[in-house]
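Let's go through some labels that a structure like this one picks up, and ask what stands behind each of them. Here it is for you to look at.

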Amino acid sequence: MIKKIILLLVLFPLLVLGQNNVCFSIEENPNSELQALSLFTKYINVFNCIHVYAEPSVSDQKILHTAAIAAELLDNNEDGVIDDVNVQNQLMDLYTIMPLFSYEGSSAEELLFDNFDDLMENNNFCAGAVLYNNEIDPFSPGFWGNDASVEEVLHAINACSHIEIYPNVFGVEPNSSEMSDAMDIARGGQFLTIPSNYPEYGWYHYDDWTCDYECMAMEYLYWCIVTNMGLL
């Protein structure tokens with residue numbers, strides 16, 4: 001099963017790069033009564049696994065694009081069935097959301113995260129990542145610097161499913177998994193904070209000072225996946 005998960009992630013079909021036909025429809029916000037989600041007006045349900053919520057200014061094309069990316073990642077062979085039932089069950093149990101904001105610091109973003117603890121406690125929500133309007137480019141899917149949809153949807157799926165159900169492989173804490181051990185090798189050592197300089201023999205030199213060790217591990221998983229996908 002673990003090999004299947006890894007193959008699912010690294011062999012994500014590049015057909016999505018040229019895909020224009022999206023079999024989803026945009027609906028009204030089904031949870032507008034929840035204060036945390038009340039400023040979103042657009043919604044797409046992706047296989048009952050990923051719930052995409054968008055602010056009014058995010059175009060229909062961009063929300064459809066994000067939903068298509070999520071669908072491709074979950075159903076790699078496009079047979080209408082999620083490829084890993086464990087991932088499916090975990091995402092459904094948590095009610096995993098993918099918020100699309102007009103801009104960083106928008107009223108919808110502030111409202112969501114001011115009330116997110118209540119969502120998690122009372123409704124079992126999970127939000128592993130967010131997307132901003134200027135980060136979504138349907139004409140360059142997943143292309144570094146143009147479109148962050150693949151990155152952020154992957155973060156959401158990984159954070160809300162893989163690291164929880166396969167902790168020995170994808171655990172993000174130090175010394176917790178095969179992935180954390182691999183990242184320590186790639187960075188040239190185990191660094192719980194960002195080093196002033198990475199060793200020259202390391203090849204993963206992520207240097208975002210706001211990113212702690214667990215964040216570094218999530219980013220490492222993303223870079224591994226998109227490298228194998230050929231998106232860089």
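Buried means under 20% relative accessible area, exposed means over 50%, and partly exposed is in between, using a 1.4 Å probe and protein chains only. Please keep in mind that this is a predicted model, in which local features need pLDDT of at least 70, side-chain atom pairs count only at pLDDT 80 or more, and totals for chains, interfaces and linings use all residues. Residues are numbered from 1 along each chain as its sequence is written, and side-chain values use heavy atoms, with hydrogens and water left out.

Q: Why is Met-98 called buried?
A: Its relative accessible area is 1%, and the label applies under 20%, so Met-98 is buried.

Q: Where is Met-98 found, and which residues is it in contact with, leaving aside neighbours within four places in sequence?
A: Met-98 is found in strand 4 (residues 96–101); strands are DSSP runs of E with at least two residues, helices are runs of H or I with at least four, and both are numbered from the N terminus. Contact means heavy atoms within 4.5 Å, and on that basis the partners of Met-98 include Ile-50, Val-52, Tyr-53, Thr-66, Leu-131 and Val-153. The C-alpha atoms of Met-98 and Tyr-53 are separated by 6.2 Å, although their positions lie 45 residues apart along the chain, counted as places apart.

Q: What makes Asn-48 partly exposed?
A: Asn-48 has a relative accessible area of 42%, which falls between the 20% and 50% limits, so partly exposed is the right label. Asn-48 lies in the loop between strand 2 and strand 3, and its phi is near 60 degrees, a positive value in a residue other than glycine.

Q: Why does Asn-175 count as exposed?
A: The relative accessibility of Asn-175 is 58%, and exposed means over 50%, so the label fits. Asn-175 lies in the loop between helix 7 and helix 8; its phi is also near 60 degrees, positive in a residue other than glycine.

Q: How do you know whether Ser-177 is buried or exposed?
A: Ser-177 has a relative accessible area of 4%, so it belongs with the buried residues. Ser-177 is found in the loop between helix 7 (167–170) and helix 8, and its contacts beyond four places in sequence are Pro-167, Asn-168, Val-169, Phe-170 and Gly-171.

Q: What makes Leu-221 buried?
A: Leu-221 has a relative accessible area of 6%, so it meets the cut-off for buried. Leu-221 lies in helix 9 (residues 213–229) and touches Asn-158, Phe-170 and Met-179, not counting residues up to four places away in sequence.

Q: How many aromatic pairs does the structure hold?
A: The structure holds twelve. Rings of Phe, Tyr and Trp (its six-membered ring) pair if their centres lie within 6.5 Å; planes under 30 degrees apart count as stacked, over 60 as edge-to-face and the rest as tilted.

Q: Why is the pair of Phe-40 and Tyr-53 called tilted?
A: The ring centres are 5.9 Å apart and the planes are at 55 degrees, so the pair is tilted. Phe-40 lies in the loop between strand 1 (27–28) and strand 2 (42–46) and Tyr-53 in strand 3 (residues 50–54), so the pair ties together parts that are 13 residues apart in sequence. Both Phe-40 and Tyr-53 are buried.

Q: What makes the pair of Tyr-204 and Tyr-220 tilted?
A: The planes of Tyr-204 and Tyr-220 are at 50 degrees and the centres 5.3 Å apart, so this pair is tilted. Both tyrosines, Tyr-204 and Tyr-220, are buried.

Q: Why is helix 2 called oblique to helix 6?
A: Helix 2 (residues 60–74) and helix 6 pack at an angle of about 55 degrees, with their axes 10 Å apart. Angles under 35 degrees count as roughly parallel, over 145 as roughly antiparallel, 65 to 115 as roughly perpendicular and the rest as oblique, so helix 2 is oblique to helix 6.

Conventions
Axes fitted to C-alpha atoms, helices over the stretch in contact; angles between N-to-C directions.
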